[in-house]
Amino acid sequence: MADPKGFLNHEREIAKTRPVEERVKDWNEVYQPGSLLPIISKQASRCMDCGIPFCHNGCPLGNLIPEWNDYAYREDWTEASERLHATNNFPEFTGRLCPAPCEAACVLGINQPPVTIKNVEVSIIDKAWDNGDVTPQPPERLSGKTVAVIGSGPAGLAAAQQLTRAGHTVAVYERADRIGGLLRYGIPEFKMEKRHINRRIEQMRAEGTKFRTEVEIGRDLDAKKLRKRYDAVVIAAGSTTSRDLPVPGRELNGIHFAMEYLPLANKVQEGDLTVAPISAEGKHVVVIGGGDTGADCVGTAHRQGAASVTQLEIMGKPGDERNPGQPWPTFPMLYKVTSAHEEGGERIYSVSTTHFEGDEDGNVQWLHLTEVEFKDGRPEPKPGTERKIPAQLVTLAMGFTGTDQENGLVEQFGLELDERGNIARDADFATNVPGVYVAGDAGRGQSLIVWAIAEGRSAAKGVDRFLTGVSALPAPIKPTDRALTV
């Protein structure tokens, strides 16, 4: 194990961020470069080597956290990287973007701040890239079988890499102009610089995975024709249908889904655009939705020079500590201050939008809201609390309701849906169509990146078994598994 007294001798210390006044002027990652390595060995030593590491249960990938904590403590970065990659294809993604349910389940977290598992993870993988420990792993022989993967988000990429390494010939189809899915165009550059995606894509190309961009299955290529071309298909198209807000004034100019707003800012960083067609510059911005996507909109608006930024949430403000209804090791709903929130703006809880008000040209100018209280699980307006706030740009970040059904993919394949509108699948991640599998948010519904990678790895095992009759690939989760929540 690491230092037996590490958790007694060292306080929790997390990665340092760059000063707000500096980072809002650029789109680079918010963390100070090189700030983790001097402290990470001590932080890894806080791991207790507990008899039952509940962090394994918090993480759907089953990451071998105590093992790579020990290697990080000893600064054996090569072995740490090997243990990290044993369960996770893309730890540089999860180390930057995952909300770390493993930390919520850390045994030390019962009565102390938990181990900085996420920071240790990203330190290991960044050091592995620097040391040349991340190399292509092409298969020793090819199976002669072909697989199409629809979607290049974390679930699709994980499934593609696993199946390629198993010896199958894999082609990934992506409707956007670049590979990465929401990692590419949904996650702002200041949360994860896209160079991390690019070098993984090059690794996968060197292993034999093929990529086809700007091909939308259902529109550009009929799903039935795709099925005939390949021995198996994995649908990892995500849950991309945004939840709308059907209130009066919704049709006004300046009201956009978050996934209409965020990709344009990323395209500017990719060099495709000089200025984003939807910009917060000089505007009063309102973000509806208190989750991570909403925080991404907040940080983006700051960098575009918004006059003000207000984030609305219909739920009440969470507490700073676990409440009795969310006991360890479940993932608690806590008040979270992201890097975007550190940069400014106002957050308003327990409110609901009643309608929008515009000017004579049809542009949104005001958002009318009311305070709410929940009765029998439903929000009810509180009389006398109605008011309006300036809103010249509104982004709707209220989550997603299912996979895209307008492009024809679901209909052309003849797929069955479950009661929540997701693509139905069996215990092997197989749909009702022989040879067609589904992984990630398209089958699970909106979820976390760590669950998407776990789904991709698990679906790959089902596909491999379908193609060859047997599979040695790991399957960390079942389709019915759910996070540790109450």
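Colleague: Is Cys106 buried or exposed in this model?
Modeller: Keep in mind that the model is predicted. Anything under 20% relative accessible area counts as buried. Cys106 has a relative accessible area of 10%, so Cys106 is buried.

Colleague: Which cysteine sulfur is nearest to that of Cys106, and how far away is it?
Modeller: A disulfide needs two cysteine sulfur atoms within 2.5 Å. Cys106 is in no disulfide. Its nearest cysteine sulfur belongs to Cys50, and the distance is 6.6 Å.

Colleague: How many disulfides does the structure hold?
Modeller: A disulfide is a covalent bond between the sulfur atoms of two cysteines. Take Cys59, which is buried, with a relative accessible area of 5%. Cys59 is in no disulfide, and the nearest cysteine sulfur, on Cys102, is 6.0 Å away. For the structure, the number of disulfides is 0.

Colleague: Okay, helices now. What is the distance between the end C-alpha atoms of H12?
Modeller: H12 runs over residues 195-207, which makes 13 residues. At 1.5 Å a residue, H12 should span 18 Å. That agrees with the distance between its end C-alpha atoms, 19 Å.

Colleague: What arc do the buried residues of H12 cover around the axis?
Modeller: The buried ones are His196, Ile197, Arg200, Ile201, Gln203, Met204 and Glu207. An α-helix has 3.6 residues a turn, so residues three or four places apart point the same way. The buried residues of H12 sit on the same side of the helix, because their arc is only 160 degrees.

Colleague: Which strand do the buried residues of H12 pack against?
Modeller: Their partners include several helices, among them H6 (77-85), H9 (117-131) and H10 (154-165). The strand on that list, at residues 210-213, is S3.

Colleague: Which residue follows H14?
Modeller: H14 covers residues 258-270 and reaches 19 Å from its first C-alpha to its last, close to the 18 Å expected. Its buried residues, including Tyr261 and Leu264, pack against H11, S5, H15 and S13. Right after H14 comes a residue with a positive phi, near 90 degrees, and that residue is Gly271.

Colleague: Which helix gives the largest share of the largest nonpolar core?
Modeller: In soluble globular proteins, nonpolar side chains tend to be buried together. The largest nonpolar core here has 71 residues, and Ile124 is one of those with the most contacts inside it. Leaving aside neighbours within four places in sequence, Ile124 is in contact with residues including Trp68, Trp77 and Leu84. The largest share of this core, 10 residues, comes from residues 449-468, helix H19.

Definitions and conventions: Residues numbered from 1 in each chain as written. Predicted model: local features only at pLDDT ≥ 70, side-chain atom pairs only at ≥ 80, totals over all residues. Heavy atoms only, no water. Buried < 20%, exposed > 50% of the residue type's maximum accessible area, 1.4 Å probe, protein only. Helix = DSSP H or I, 4+ residues; strand = E, 2+ residues; numbered from the N terminus. Expected span 1.5 Å × (residues − 1). Arc of directions from axis to C-beta. Contact = heavy atoms within 4.5 Å. Core = buried A, V, L, I, M, F, W, Y, C linked by side-chain atoms within 4.5 Å.
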